[in-house]
Amino acid sequence: VDDLQIDRCTFDTLRSLILTGKDGSKQRVDLHIPTLEEYLDICRRYEKTSVLELKDTLTAADIEKIIGIARNFGWLEHVIFISFSLEAMQTVRRLLPDQPCQYLVEQYTDDLPELLQREKLDLDIGYPALTAQRVQELHARGIVVNCWTCDDPAAAAALVEMGLDYITSNILE
């Protein structure tokens with residue numbers, strides 16, 4: 001189902017999809033899109049940090065509800081919020097001044113470090129946009145640097161050498 005528009009689907013439709021396993025097959029019928037509570041439970045069970053991407057269509061009330069679910073689940077202190085929407089990140093920052101928040105961008109711009117520092121946000125950037133100098137500049141400002149989505153082991157090794165804090169990947173372990 002390559003032409004599905006997620007924002008136009010019901011949860012039941014999305015839930016019925018079988019996800020591809022690490023081996024590339026769809027043999028495991030238990031691999032499906034989880035609810036937020038199921039995802040948080042998986043992260044808690046395996047002692048992993050939960051990364052929640054807030055889409056730009058979410059309202060402040062939606063974001064408050066998501067925060068409430070994570071808080072009631074007892075896992076909020078293990079959640080990093082990410083978003084391409086600066087407004088969504090500002091909403092989380094207003095509600096949770098100390099919560100890890102990473103602003104998603106594809107490209108690095110000269111004004112980015114100042115923006116992140118002013119808004120008290122960390123960075124999650126498309127990995128080809130990173131250089132050792134940029135990582136160093138961001139770290140000098142106290143900004144945590146994550147990148148997306150690096151599935152190439154050699155590129156990941158170079159990112160580690162740059163001092164990246166996180167690497168988002170589909171396959172690296």
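# Exercises on a predicted model

In this predicted model, Asn146 is in contact with Gln102, Leu123, Asp124, Ile125, Tyr166, Ile167 and Thr168, its neighbours within four places in sequence being left aside.

## Exercise 1

Determine where Asn146 lies, whether Asn146 is buried or exposed, and which side chain Asn146 joins in a polar contact.

**Solution.**
- Step 1. Asn146 is found in strand β5.
- Step 2. The relative accessibility of Asn146 is 6%. Buried means under 20%, so Asn146 counts as buried.
- Step 3. The side chain of Asn146 is joined to that of Asp124 by a polar contact of 3.3 Å. Asp124 is also among the residues in contact with Asn146.

## Exercise 2

Describe the sheet, and explain why β1 and β6 each have one side without a neighbour in the sheet.

**Solution.**
- Step 1. The sheet is open and has six strands, with parallel pairing in the order β1-β2-β3-β4-β5-β6.
- Step 2. At its edges stand β1 (50-53) and β6 (166-167). Each has a single partner strand, so one side of each is left without a neighbour in the sheet.
- Step 3. Within this sheet, β3 (residues 101-105) and β4 (residues 122-126) pair in the parallel sense over four bridges. Gln102 stands opposite Asp122 in β4.
- Step 4. Helix α5 (residues 112-119) lies across β3 and β4, and runs at about 155° to β3.

## Exercise 3

Classify the geometry of the pair formed by Phe84 and Trp148, and locate both residues in the chain.

**Solution.**
- Step 1. The count of aromatic pairs comes to one. The ring centres of Phe84 and Trp148 are 5.9 Å apart, and the planes stand at 80°. Planes over 60 degrees apart count as edge-to-face, so this pair is edge-to-face.
- Step 2. Phe84 lies in the loop between β2 (79-83) and α4 (86-95), whereas Trp148 belongs to strand β5 (residues 145-148). The two are 64 residues apart, and the pair links distant parts of the chain.
- Step 3. Phe84 has a relative accessible area of 44% and is partly exposed. Trp148, at 23% relative accessibility, also counts as partly exposed.

## Exercise 4

State what is notable about the phi of Glu47 and of Lys120, and where each residue is found.

**Solution.**
- Step 1. Most residues other than glycine have a negative phi.
- Step 2. Glu47, although not a glycine, has a positive phi of about 55°. Glu47 is found in the loop between α2 (36-45) and β1, and counts as exposed at 71% relative accessibility.
- Step 3. Lys120, likewise not a glycine, has a positive phi of about 60°. Lys120 is found in the loop between α5 and β4, and counts as exposed at 59% relative accessibility.

How values were computed:
Residues numbered from 1 in each chain as written. Predicted model: local features only at pLDDT ≥ 70, side-chain atom pairs only at ≥ 80, totals over all residues. Heavy atoms only, no water. Phe/Tyr/Trp six-rings, centres within 6.5 Å; stacked < 30°, edge-to-face > 60°. Buried < 20%, exposed > 50% of the residue type's maximum accessible area, 1.4 Å probe, protein only. Polar contact = N/O pair within 3.5 Å; in protein donor to acceptor, adjacent residues only side chain to side chain. Contact = heavy atoms within 4.5 Å. Pairing = 2+ DSSP bridges. Axes fitted to C-alpha atoms, helices over the stretch in contact; angles between N-to-C directions.
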